[in-house]
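Welcome, and thanks for opening the viewer. Please load the model and get ready to select a few helices with me.

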Amino acid sequence: MAAGLKRDPIVILRIDGEDLLEFVNGSGYEAEMVSIFSQIESPDRSLHDHIIEALGKLTVEQGIPPTSDSWVLSNIVEPALLSQDGSDLDKPVSQETFLEEFKIVAMSVANHLKEQPVIVAHSENTFDGSGVKRLLSNKFELDKTLSSAIETLPKDRNGKLSKEYLRVTLDTVAPSAGLPPVGAIEEMDKVIGEVFKMVNADDAKVVKEDEFKKLLTEILGSIMLQLEGNPISVSSNSVVHEPLDSSSTLLQPSPSETAA
């Protein structure tokens, strides 16, 4: 996924517990957590396990840094759970119990974040077909891009190309069409898979170069229409472990400047 997001701007977020407290005390808390509980509920697992998994379902939008990060887990999540010694986190799980205990733990997480804010690099992108549309609307650029993409593909003695190379070529064209690499985003791969079925792109037949280009253009057009109707949004969050105060030395005057 990171490869699919590399062209997008990175936003640096400071997660300090305020957004989490706002979420926990907000009107949407119960509905959101009931939805999450319905997804993770299991009679074979403890309340402790449910709470950890539920924290992992929340995002920076609710004020939770990535709990998959080992530093966040050991310095924020685990201390918050340990602070609940008075609670029996091994008792049977019910929705009511989960909502009550999760709120207590979440508020403890917020307190730990207030003491040790977490810096997160956040990137997001929406694939809505606009990049494909731009490429398809410029015939000169489209032909140049397709020609460049197929020039190194193996051809038979009649100069024909196998349709099995359509996926490889689409991956080569992807950056010019504002698409992520094949395999980077599951939802996008599903769209591509459906489009390939529609045009019988996987039948491994050989076609002339012009027909190959025509098929690829048709594939791009179908992907564009799919994304225009159902845009795919993805995001990436990574904890920044480099202390920010160390970078502040860049703003300090040098000894010579101080002396002057």
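This tour moves from helix to helix, with something to select at each stop. Keep in mind along the way that the model is predicted.

**Stop 1: helix H4**

Begin by selecting residues 47–57, which form helix H4. Now color Leu47, His50, Ile51, Ala54 and Leu55, the buried residues of this helix. Where do they sit when you look down the axis of H4? They fall within an arc of 135°, so they line one face of the helix. To see what lies over that face, show H3, H6 and helix H5 (70–82), which are among the elements covering the buried residues of H4.

**Stop 2: H4 against H6**

Keep H4 on screen and add helix H6, residues 95–115. The two axes come within 10 Å of each other and cross at roughly 65°. H4 passes H6 in a right-handed crossing. On the H4 side, pick out Leu47, His50, Ile51, Ala54 and Leu55; on the H6 side, Thr97, Phe98, Glu101, Phe102 and Val105 complete the contact. Sorted by class, the residues of this contact are seven nonpolar, two polar and one charged.

**Stop 3: H3 against H6**

Hide H4 for a moment and select helix H3, residues 29–40. At what angle do the axes of H3 and H6 cross? The angle is roughly 120°, and the axes come within 10 Å. That makes H3 oblique to H6. The crossing of this pair is right-handed. Show the side chains of Tyr29, Glu30, Met33, Val34 and Phe37 in H3, and you will find them meeting Gln95, Phe98, Leu99, Phe102 and Lys103 in H6. Seven nonpolar, one polar and two charged residues make up the contact of H3 with H6. Notice Phe98 and Phe102 here: they take part in the contact with H3, and they also belong to the contact with H4.

**Stop 4: His112**

Stay on H6 and click on His112, which lies in this helix. Is His112 buried or exposed? His112 is buried, because its relative accessible area is 16%, and the cut-off for buried is under 20%. Leaving aside residues up to four places away in sequence, His112 touches Asn75, Ile76, Pro79 and Ala80.

**Stop 5: helix H7**

Next, select residues 130–137, helix H7. Which residues of H7 are buried? They are Gly131, Val132 and Leu135. Looking down the axis of H7, you will see these buried residues within an arc of 100°, so they line one face of the helix. Turn the view to the face pointing away from the buried side, and there are the exposed residues Arg134 and Ser137. Then bring in helix H8 (139–150), helix H9 (166–173) and helix H11 (209–229), which are included in what covers the buried residues of H7.

**Stop 6: H10 against H11**

For the last stop, leave H11 visible and select helix H10, residues 186–198. The axes of H10 and H11 come within 10 Å and cross at roughly 130°. That makes H10 oblique to H11. H10 passes H11 in a right-handed crossing. From H10, the contact uses Met188, Val191, Ile192, Glu194, Val195, Phe196 and Met198, while H11 supplies Ile219, Ser222, Ile223, Gln226 and Leu227. The residues of this contact divide into nine nonpolar, two polar and one charged.

Note on methods: Residues are numbered from 1 along each chain as its sequence is written. This is a predicted model: local features need pLDDT of at least 70, side-chain atom pairs count only at pLDDT 80 or more; totals for chains, interfaces and linings use all residues. Side-chain values use heavy atoms; hydrogens and water are left out. Helices (H or I, at least four residues) and strands (E, at least two) are DSSP runs, numbered from the N terminus. Buried means under 20% relative accessible area, exposed over 50%, partly exposed in between (1.4 Å probe, protein chains only). Contact means heavy atoms within 4.5 Å. Axes are lines fitted to C-alpha atoms, for helices over the stretch in contact, and angles run from 0 to 180 degrees between N-to-C directions. Angles under 35 degrees count as roughly parallel, over 145 as roughly antiparallel, 65 to 115 as roughly perpendicular and the rest as oblique. A crossing is left-handed if the near helix is turned anticlockwise from the far one by less than a right angle, and right-handed if clockwise. Ala, Val, Leu, Ile, Met, Phe, Trp, Tyr, Cys and Pro count as nonpolar, Asp, Glu, Lys and Arg as charged, and the others, Gly among them, as polar. The arc is that of the directions from the helix axis to the C-beta atoms.
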